[in-house]
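Work through the exercises below with the structure open beside you. Try each task before reading its solution.

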Amino acid sequence: MPINYYIYLSVALFCIGIVGVLTRRNAIIIFMCIELMLNAVNILLVAFSKMHHFKNAAVNASAGTDGQLFVFFIMVVAAAEVSVGLAIIVMMYRNIHSVDINFLNRLKH
Amino acid sequence: MNALIISAIMGVVMMFSGVLLRQRSAVLAVALSGLFVSIVLNIMEMYGFHLFKVNLNGMMHFDRFSLFFNTVAMGCTFIFLLLSAKEMEKVGLNYADYFALIFFILSGIILSSSFSSLLILFLGIEIISIPLYILTGSDKKNLKSNEASLKYFLLGAFSTGLMLMGITLIYGHSGSFAIDLVTTPETKPGILLIAGLLLLMFSMAFKVSAAPFHFWTPDVYDGAPTVFTSFMATIVKAAVFIAFIRLFYHAFGDIHETWKYLVAVITALTLFIGNITAVFQQSVKRMLAYSSIAQAGFMLMAILALNSVASEGILLYTTAYCLSTIGLFAILVKMKDYTFEGFNGFAKHQPLLAATAVIFLLSLAGIPLTAGFLAKFYMINAVITRGGFLWLVIFAVLMAAVSVYYYFRVIQAMYFKDGDAQLIEVSPAFKWAISLVAALVILLGVYPQLLFSWYYF
């Protein structure tokens with residue numbers, strides 16, 4: 001398959017993620033949309049990695065592997081971020097019994 | 001590399017010291033001595049001493065610039081701990097864990113100031129950000145702190161997503177994560193490269209709170225416990241700026257023509273919004289948050305210029321800005337009332353502290369004989385050397401004049417208004433330390449060569 005299809009797919013997923021972050025009001029759903037953005041990036045990285053591998057395999061047998069390695073780093077960092085983020089949301093829920101981010105306007109003044 | 005290893009180990013040591021050591025002063029002593037060791041080892045690395053021979057595979061490159069900045073950042077953290085460690089006790093029960101998080105942030109700072117692969121840039125920025133989300137929300141019962149931390153977390157994770165997409169598009173363009181291979185002088189900017197460049201620029205602008213992406217800054221800085229605001233507004237922000245300038249110098253320096261106008265507009269907007277909004281603030285803490293946006297505008301001029309004057313200038317600017325803002329926050333933490341009225345009559349009660357606060361404020365406003373003046377001078381000089389942006393220089397000078405208004409409002413409240421400024425009692429050691437910082441600010445303003453002669457040997 002040409003690389004364009006992969007680019008369209010992951011840009012579409014990424015945009016769904018961005019629109020979700022900007023429009024939804026529930027902290028957990030915003031959080032899921034951020035994860036969607038990260039996974040769109042992962043798909044694109046693997047696709048690019050394959051593309052560079054086919055292009056340069058004759059010169060360098062390990063060409064393109066760094067893209068797939070990067071995916072593992074993104075997964076690990078995303079897991080760390082999830083653990084901290086959910087802890088923050090739980091802390092918030094304990095205090096106000098809601099995860100609605102409309103509440104986040106108290107700091108404006 | 002030495003400092004990176006030591007500070008990562010110290011992070012783990014501090015987590016255990018919370019369990020093993022009963023006394024809080026012992027925890028502080030361990031943290032200070034660990035930090036001191038890593039500063040010394042970092043300075044020794046500048047002269048060619050390596051603890052371990054590590055094969056970095058071209059992922060990181062410790063040059064003079066990054067080692068020098070690491071020394072500045074760790075030195076400022078040392079001063080920060082000396083001045084404000086007492087206040088960290090009041091935030092919550094997990095005293096030792098705060099030190100652990102600060103050490104992890106320091107190792108993130110070292111990663112992001114010496115990366116030469118986009119992978120390390122991403123890891124560095126994340127290792128800085130994730131502990132900061134925790135520190136922001138460390139005052140667990142306080143709703144403002146909770147709110148600030150949730151807001152910071154959601155927006156920070158969002159901008160990380162943008163950054164990753166940018167990195168991926170650049171990888172698609174160049175087939176490598178090495179920042180030196182992204183562009184060559186012959187590169188024709190294609191759509192992948194331009195989109196990646198824009199996404200990376202937006203996410204870095206987010207992290208340094210440059211203008212269209214600054215809206216989280218005042219809320220987060222205001223809501224976070226004041227000690228940690230002091231840390232994240234100074235050292236962390238300076239480190240992200242160093243990462244920003246390193247990324248753009250190595251990766252996009254060759255296609256400077258394509259993005260310079262965008263950075264110029266972002267700079268002007270940051271200067272304008274930061275300074276004008278700071279004028280209308282009632283709380284000194286919130287005023288300092290906007291002032292940090294305004295100072296970011298000046299630091300962005302280094303990214304626009306990207307020449308040797310700019311890299312000298314950004315080192316002087318980060319040093320001057322960190323020292324004066326840390327000093328000012330250390331005094332602010334001791335106040336009972338954070339509004340401008342809270343400072344009324346401060347000079348009568350605490351003449352020494354008021355005098356040091358005046359020095360810090362003058363330095364932030366950029367009055368001659370303080371480090372802040374020369375820092376601003378270098379930034380403007382860098383842009384003039386690059387040429388072509390005279391309107392931005394004039395605008396920056398005008399905005400610096402506006403900033404004098406809100407900095408001098410504090411001085412006016414301290415010296416010329418009557419009132420009884422309420423202060424938590426301060427120890428003589430604190431007074432000595434803060435006078436030392438003030439003396440350093442003056443010294444750098446009179447002899448900036450001290451810093452540069454060391455930078456160039």
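The exercises that follow treat a predicted model.

**Exercise 1. Judge the confidence.**
Find the mean pLDDT of chain B, then find which of its elements score lowest and highest.

*Solution.*
Step 1. Start with the whole chain. Chain B has an average pLDDT of 91. In chain B, 100% of the residues reach at least 70.
Step 2. Go down to the elements. Helix α18 (residues 449-455) of chain B has the lowest mean pLDDT, 82. The highest, 95, belongs to α5(B).
Step 3. Add the scores for the model. The ipTM is 0.95 and the pTM is 0.94.

**Exercise 2. Describe the form of chain A.**
Count the helices and strands of chain A, then set its radius of gyration against that of a compact globule.

*Solution.*
Step 1. Count the elements. Chain A holds 3 helices and 0 strands. In sequence order the pattern reads α-α-α.
Step 2. Compare the radii. For 109 residues, a compact globule would come near 13 Å. Chain A has 18 Å.
Step 3. Check the extents. The C-alpha trace of chain A spans about 60 × 25 × 25 Å along its principal axes.
Step 4. Look at burial. Of the 109 residues in chain A, 28% are buried.
Step 5. Look at contacts. Take those in chain A between residues at least 6 apart in sequence: 47% of them join residues at least 24 apart.

**Exercise 3. Map the contact between the chains.**
How many residues does each chain give to the contact, and which helix of chain A gives the most?

*Solution.*
Step 1. Count both sides. Chain A gives 31 residues and chain B gives 31 residues.
Step 2. List the elements on the side of chain A. Those giving two or more residues are α1 (3-23), α2 (27-56) and α3 (65-96) of chain A.
Step 3. Pick the main contributor. α3(A) gives the most, with 15 residues.
Step 4. Sort this side of chain A by class. There are 23 nonpolar, 5 polar and 3 charged residues.

**Exercise 4. Explore the core.**
Find the size of the largest nonpolar core, and name the helix that gives the most to it.

*Solution.*
Step 1. Size the core. The largest nonpolar core has 198 residues. Among those with the most contacts inside it are Phe244(B), Met301(B), Tyr317(B) and Val441(B).
Step 2. Find the helix. α9 (residues 226-251) of chain B gives the most, with 18 residues.
Step 3. Zoom in on one member. Leaving out residues up to four places away in sequence, Val441(B) touches Ala320(B), Leu323(B), Ser324(B), Ile359(B), Phe360(B), Ser363(B), Thr370(B) and Ala371(B).
Step 4. Recall a general trend. In soluble globular proteins, nonpolar side chains tend to be buried together.

**Exercise 5. Follow one helix to its end.**
Test the span of α7(B) against its number of residues, then examine the residue just after it.

*Solution.*
Step 1. Check the span. α7(B) has 17 residues, so at 1.5 Å a residue the helix should span 24 Å. Its end C-alpha atoms lie 24 Å apart, which agrees.
Step 2. Find its buried residues. They include Leu193(B), Leu197(B), Leu200(B), Met204(B) and Phe206(B).
Step 3. See what they meet. The buried residues of α7(B) pack against α5 (118-136), α6 (143-174), α9 and α10 of chain B.
Step 4. Move past the end. Just after α7(B), Ser209(B) has a positive phi of about 55°. Ser209(B) sits in the loop between α7 (191-207) and α8 (216-223) of chain B.
Step 5. Classify Ser209(B). It has 25 C-beta neighbours inside 10 Å, so Ser209(B) counts as buried.

**Exercise 6. Classify three more residues.**
Are Leu369(B), Thr258(B) and Ala401(B) exposed or partly exposed?

*Solution.*
Step 1. Take Leu369(B). It lies in the loop between α14 (351-365) and α15 (371-386) of chain B. Its phi is positive, about 75°, although Leu369(B) is not a glycine. With 14 other C-beta atoms within 10 Å, Leu369(B) is partly exposed.
Step 2. Take Thr258(B), in helix α10 (residues 256-279) of chain B. Thr258(B) has 15 C-beta neighbours inside 10 Å, so it counts as partly exposed.
Step 3. Take Ala401(B), in helix α16 (residues 390-416) of chain B. Ala401(B) has 12 other C-beta atoms within 10 Å, so it is exposed.
Step 4. Finish with two C-alpha distances. Thr258(B) and Gly274(B) are 16 residues apart in sequence and 26 Å apart in space. Ala401(B) and Arg246(B) are 155 residues apart in sequence and 30 Å apart in space.

Terms used
Residues numbered from 1 in each chain as written. Chains lettered and ligands numbered in written order. Predicted model: local features only at pLDDT ≥ 70, side-chain atom pairs only at ≥ 80, totals over all residues. Core = buried A, V, L, I, M, F, W, Y, C linked by C-beta atoms within 7 Å. Buried ≥ 20, exposed ≤ 12 C-beta atoms within 10 Å, placed from the backbone. Helix = DSSP H or I, 4+ residues; strand = E, 2+ residues; numbered from the N terminus. Contact = placed C-beta atoms within 7 Å. Rg over C-alpha atoms; globule rule 2.2 N^0.38 Å. Nonpolar A, V, L, I, M, F, W, Y, C, P; charged D, E, K, R; others polar. Expected span 1.5 Å × (residues − 1). pLDDT = per-residue confidence, 0-100.
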